[in-house]
Amino acid sequence: MPHQFDFLVIGSGIAGLSYATKLAMHFEDRQQPVKIGVITKVQADETNTKYAQGGIAAVWSEDDSFEKHIEDTMVAGDYLSDRHIVEIVVNEGPGRIRELIDYGTRFDREHDGTDYDLAKEGGHSDYRILHFKDITGAEIERALLEKAHSLPSIEIFTHFYAVELITRHHLGETVHRYDTNNVCYGAYVLNTKTGQVEKFLAKTTLLATGGIGNVYQNTTNPSIATGDGIAMAYRAKGICKDMEFIQFHPTALYEPDKKPNFLISEAVRGFGGVLKNMKGETFMENYDPRLSLAPRDIVARAIDSEMKKTGDPHVYIDVTHVDYDRFVEHFPTITAYCRDHYGLDLRKDFIPVVPAQHYMCGGVRVNEYGQTNIHYLYAVGECACTGLHGANRLASNSLLEAVVFGHRAYLKTIDNYQQASLPDGIPDWNDAGTTHPEELILVTEIQRELEAIMSNYVGIVRSNRRLKRAMDRLELLYLEHEELYRQSKVSVRICELRNMIEVAYLVIKAAMARRDNRGLHFNLDNLKQETRNALT
């Protein structure tokens, strides 16, 4: 028998749980029974949210202002951000954070216990980052999961992997990307414990599946970040936007051959950390007047440039001059990791860092309520493109966006859900003629080649030749994998690789189409053309 819900949530991070808890509380208050299913492909707390260190940005003091936060966001996004969306997120942010606090989220306070200890990060003009030590995301995830578990209408399915969205296509109808009558009815979901694909039917479905980090060799994302939601939405004829804007965190810990890379939070530079090359010399003065507090895209390109000029494998962050006890208080996890894994004493040792893929600024295109172009399908969080980030995400705006749009998607769902219905005749998953592959070495090899293609040709600095080379090689990988996919019973590894190849295609295609350098997209050929235009 299929699972049937009023509301289905794919993903259990801040975006998905914010939405699910709001729905559950709404109907609980009205004593109206509903069924809300939340599926997650591993344990419930293994999300991108859990790994967010720095904090969540919001105007929280009288010295700050909405106008300053809006302008900081627009500047970081190279003015490609949708100002209307920026204003919504900034203005509504404090209210949503107060709700997180009401759910039990703890944020660090000043020593006297009265006010919150607000941090400042790169690109911010004021102190507005609420944080909990250096594990803010994990603390928010803890509080939201506890809240969700307390609500009887929410059922969380762990170790369930969404394979495909169910749309009108599965009723035998032809669906095109810009049709206005496509509808989502839930998803086909792989029970990873039984190996069976089950139907999860729902009147409303929300994608909250996180990022795409494992498309690249170096990433701060957990292993679950394989672009599943974006790829599923694209196959269902959803529209994607701004896929060329891949944020590389400038300061992941230098750990050769390790994945994911341990993140050295942006807040470390906000706390006073200074970037230096391997000779111990500062270099950011050659790139930006904001020095080590410049936005991430500028810092990442500066580090990439320094490493290419010198041939050095990394640069450093120097925190030896800051108050060590206060640093440990703010960054206990970072301090302990550097000490326990690499023997670094941050009172005298520099932290070796390299850029690593960190955040997808684009994703499934949504409106101001998280609605996609497919009826009753919403997308929130890193898998969605709201227009907030533009060409580059401002530090600590991601958790804010997720909680604001989780709320706004909830509001629109309440308005619309009664109009939704589930048709008869939705077929079961059909895997007739497929077999379990005898070995998965081909999956491993294709993934390694995919990571190398994206890292070498579609990284921080690009060129037309590199992008064409990436697309040509990706086509061969796609053909190899599609043959394997058609012949095989689905597995998480095979489906994840399929999704990563499709997401890589969207990134390359968008990068080839952009003819100017904006924010995170930097093409050497665009730079040459801009220089020629300036000279003439």
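Start your tour by selecting helix H5, residues 228-235: eight of its eight residues are buried, so H5 is largely enclosed by the rest of the structure. Buried here means under 20% relative accessible area, exposed means over 50%, and partly exposed lies in between (1.4 Å probe, protein chains only). Helices (H or I, at least four residues) and strands (E, at least two) are DSSP runs, numbered from the N terminus.

Before you go on, note that this is a predicted model, in which local features need pLDDT of at least 70 and side-chain atom pairs count only at pLDDT 80 or more, while totals for chains, interfaces and linings use all residues. Residues are numbered from 1 along each chain as its sequence is written, and side-chain values use heavy atoms, with hydrogens and water left out.

**Stop 1: around H5**

Show the side chains of H5. The buried residues are Asp228, Gly229, Ile230, Ala231, Met232, Ala233, Tyr234 and Arg235. Now add their surroundings: these residues pack against E6, strand E8 (196-207), strand E9 (240-241), strand E13 (351-360), strand E14 (363-365) and H13. Contact, here and below, means heavy atoms within 4.5 Å. Step past the end of the helix and you meet Lys237, which follows H5 and has a positive phi, near 80 degrees.

**Stop 2: H5 against H13**

Select helix H13 (residues 492-513) together with H5; the two pack at an angle of about 75 degrees, with their axes 8 Å apart. Axes are lines fitted to C-alpha atoms, for helices over the stretch in contact, and angles run from 0 to 180 degrees between N-to-C directions. H5 and H13 are therefore roughly perpendicular to each other, a label for angles of 65 to 115 degrees; under 35 counts as roughly parallel, over 145 as roughly antiparallel and the rest as oblique.

To see the contact itself, pick Asp228, Ile230, Ala231, Tyr234 and Arg235 on H5, then Glu496, Arg498, Asn499, Glu502, Val503, Tyr505 and Leu506 on H13. Colour the residues of this contact by class and you get six nonpolar, one polar and five charged. In this scheme Ala, Val, Leu, Ile, Met, Phe, Trp, Tyr, Cys and Pro are nonpolar, Asp, Glu, Lys and Arg are charged, and the others, Gly among them, are polar.

**Stop 3: the nonpolar cores**

Keep Ile230 selected. Together with Val507, Ile230 has the most contacts inside the largest nonpolar core, which has 76 residues. H13 gives the most to this core, with twelve residues. A nonpolar core is a set of buried Ala, Val, Leu, Ile, Met, Phe, Trp, Tyr and Cys residues joined through side-chain atoms within 4.5 Å.

Expand the selection around Ile230: leaving aside neighbours within four places in sequence, its contacts are Thr209, Ile212, Cys240, Met243, Met360, Gly363, Val364, Cys383, Val503 and Leu506. Apart from the largest core lies another, of 53 residues, with Ile14, Val89, Ile97 and Ala148 among them.

**Stop 4: H3 against H10**

Next, select helix H3 (residues 83-103) and helix H10 (residues 398-416), which pack at an angle of about 90 degrees with their axes 8 Å apart. H3 and H10 are therefore roughly perpendicular to each other. On the H3 side choose Ile85, Ile88, Val89, Glu92, Gly93, Arg96, Ile97 and Leu100; they meet Leu400, Glu401, Val403, Val404, Phe405, His407 and Arg408 in H10. This contact divides into nine nonpolar, two polar and four charged residues.

**Stop 5: loops and backbone geometry**

Most residues other than glycine have a negative phi, and most peptide bonds are trans. A few places to check against that follow.

- Asp78, in the loop between helix H2 (66-76) and H3, has a positive phi of about 55 degrees and is partly exposed at 27% relative accessibility.
- His159, in the loop between strand E5 (154-158) and strand E6 (160-167), has a positive phi of about 65 degrees and is partly exposed, with a relative accessible area of 26%.
- Lys259 and Pro260 are joined by a cis peptide bond, with omega about 0 degrees; Pro260 is in the loop between strand E10 (246-253) and helix H6 (266-270).

Leu263 is also in the loop between E10 and H6, and is buried, with a relative accessible area of 9%. Not counting residues up to four places away in sequence, Leu263 touches Tyr51, Gln53, Thr220, His249, Thr251, Ile334 and His358.

**Last stop: two cysteines**

How far is the sulfur of Cys361 from the closest cysteine sulfur? That sulfur is in Cys385, 8.6 Å away, too far for a bond. Cys361 is buried at 3% relative accessible area, and Cys385 is buried at 2%. With a disulfide defined as a pair of cysteine sulfur atoms within 2.5 Å, the count comes to zero disulfides.
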